[in-house]
Amino acid sequence: MSGVVGVFSNSNEHVSPYVYYGLYAIQHRGQISSGIAVNNNGFVDYVKELGLVNEVFNNETIDRLRGNIAIGHVRYAAHFEAKNKANAQPLVVGYKRGALGISLDGSIVNFMKVREEMEDSGAIFQTDLDTEVIAALIAKYHKNDFNQAIVDALKDVQGSYAMVAMTNDRIVAARDPHGLKPLSIGKIGSDYIVASETVAFDTIGAELVRDVEPGEIVMIDKDGLTTIQRSPEKRSMCIFELVYLARPDSIIDDKSVYISRSEAGKQLYREFPTEADIVIGAPDSGIVAAIGYAEGSGIPYTEGIIKNRYVGRTFIEPTQAIREQGVRIKLNALRENIKGKSLVLVDDSIVRGTTIKRTVAMLRDAGAREIHVRIASPPVTHSCYLGVDTPSEENLIASHMDTEQIRQEIGAESLYFISLEGLVKAAGEENGFCRGCFSGNYPVERVE
Ligand code: SF4
């Protein structure tokens, strides 16, 4: 998972602050590297480094990055990848038609195949990025018509992507034909901004215009916004965005992430009603579902776990060792609220099972009498190869244990997962979703 931002302005010669604040708002989508590239009348400058947005950029760098077109990226490194500065984005390349910058969120499943074919024809690649393959394809296909080159390049790749690209005169925003990754368009005055999540718009006071549609390519230049609609496939937005990945204050494909999580909590209660003294949520992404569960059940929602605000989200740390360190220092039970209580603990998901096990033990240490765990997504039984770094299948606890075995393993009095139908209902039945990590059925085939 990564986060992308792009800004085009007709009048403002210094749009990199917008990109900076936009990236800041979507930092949760990637914490390994951050980058911004700007185009200033054909001259491209960029800064990209390993680190968080506020570590990579300061007043001096943002002041230096002047131009009316800019793109940015925050990167998450998959568990099998090295933290390599060369893989930081935006990717900036020069080719015979000019300069091109690309930021990508997603995973091109056939990129090694395409890359090998291009290498056989003499192409040279400098990074491990699938993004570089897209750049090479655009360069290959760009004869006279840039728009056609984008269409042809994207025809050659399969997978999930939300792409923001920048040339000398425009921003290009494209979403894969299934719409697996979110990408929205906003406007501030006469300037356009595109971003992975709408919270990036709120940060700079921009209005949400609409989502980029599955399969759509949007061009933004001095004449405004034009669109090329390729044939979309069945809409299959990653449902894990609504469960865990996105910020609750974002809106994706017209759906409030907050409302979906809250509805999932209510649905969870309808499916598994429980008597208890209090409902508590596992910070952060279990909180909204817990509030929904409390609203649905009438059991009071209470603060039960306090999170150290200065620790990153454990799920997106790349190594087990770092993850375990993070878990140990991240959460603390609020003993005064827990002691002697029978409680419902709501979390968004169980992936490895290590975090929930520690949380249950911590609540038990704090004096909880009964702990009933309710999970606002179904058991994660399959690994994702479409751009979300879930662990390999053998490390997913639900791939080899049933619910009763997991209950025993984590030491709770009871454990229930929302049904897949219930989750889809909470997320908005009218929308199509990828649910591969819960069902093993993916909208895009894996390429070995
Ligand atoms: S397999 Fe799961 S995590 Fe991956 S895109 Fe589909 S729903 Fe999202």
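Which residue in β12 is the bridge partner of alanine 173? Keep that question in mind while the predicted model is open in the viewer, and begin the tour in the sheet that holds the answer.

**The six-stranded sheet**

Select β8 (residues 171–175) together with β12 (residues 216–221): the two strands run antiparallel and are joined by 4 bridges. Now pick alanine 173, and you will find that valine 218 is its bridge partner in β12.

Widen the selection to the whole open sheet, whose 6 strands come in the order β5-β6-β7-β8-β12-β13 with antiparallel pairing. At its edges stand β5 (91–95) and β13 (224–229), and because each has a single partner strand, one side of each is left without a neighbour in the sheet. If you look along the sheet, neighbouring strands are turned by 20° against each other on average, direction ignored.

Next, add helix α5 (residues 130–141), which lies across β5 and β6 (98–108) and runs at about 135° to β6. Before leaving β5, step back into the loop between β4 (69–75) and β5, where proline 90 lies, and inspect the peptide bond from glutamine 89 to proline 90, which is cis with omega near 5°.

**Methionine 163**

Select β7 (residues 159–166) and, within this strand, methionine 163. Is methionine 163 buried or exposed? With 28 other C-beta atoms within 10 Å, methionine 163 is buried, because the cut-off for a buried residue is 20 or more such atoms. Apart from neighbours within four places in sequence, the contacts of methionine 163 are Ile102, Leu104 and Ala174. For a sense of scale, draw a distance from methionine 163 to lysine 255: these residues are 92 apart in sequence, and their C-alpha atoms are 21 Å apart in space.

**Where the two domains meet**

Colour the protein by domain, with domain 1 covering 2–233 and domain 2 covering 242–246 + 251–439. The centres of the two domains, taken over C-alpha atoms, are separated by 32 Å. Their contact takes 19 residues from domain 1 and 14 residues from domain 2. On the domain 1 side, β6, β7 and β11 (207–211) each supply at least two residues, and β6 gives the most, with 3 residues. By class, this side of domain 1 has 7 nonpolar, 8 polar and 4 charged residues.

**Two aspartates in one loop**

Move to the loop between β15 (251–252) and β16 (255–256), where you should select aspartate 253 and then aspartate 254, which lies in the loop between β15 and β16 as well. Aspartate 253 has a positive phi of about 50° although it is not a glycine, and aspartate 254, likewise not a glycine, has a positive phi of about 70°. As for their surroundings, aspartate 253 is buried, with 23 other C-beta atoms within 10 Å, whereas aspartate 254 counts as exposed, with 11 C-beta neighbours inside 10 Å.

**Helix α10 and what covers it**

Continue to the loop between β17 and α10, and select aspartate 284 there. The peptide bond that leads from proline 283 to aspartate 284 is cis, with omega near -10°.

Then select α10 itself (residues 287–297), a mostly covered helix in which 8 of the 11 residues are buried. Among the buried residues are Ile287, Val288, Tyr293 and Ser297. To see what covers the buried residues of α10, show elements including α9 (257–271), β17 (278–281), β20 (342–347) and β21 (370–375). Just after α10, glycine 298 takes a positive phi of about 80°.

From β21, carry on to β22, with which β21 pairs in the parallel sense over 4 bridges; valine 373 has leucine 415 as its bridge partner in β22. Strand β22 (residues 414–417) has Leu415 and Phe417 on its covered face, with Ser414 and Tyr416 on the uncovered one. In a regular strand the side chains alternate between the two faces of the sheet.

**The shell around the ligand**

Finish by selecting the ligand and the residues around it, which include Leu180, Cys238, Phe240, Cys384, Cys434, Arg435, Cys437 and Tyr442. The elements that give two or more residues to this shell are α8 (239–245) and α17 (436–439). Coloured by class, the residues of the shell divide into 10 nonpolar, 1 polar and 1 charged.

Conventions
Residues numbered from 1 in each chain as written. Buried ≥ 20, exposed ≤ 12 C-beta atoms within 10 Å, placed from the backbone. Contact = placed C-beta atoms within 7 Å. Near = placed C-beta within 6 Å. Nonpolar A, V, L, I, M, F, W, Y, C, P; charged D, E, K, R; others polar. Pairing = 2+ DSSP bridges. Axes fitted to C-alpha atoms, helices over the stretch in contact; angles between N-to-C directions. Domains from an automatic or database assignment.
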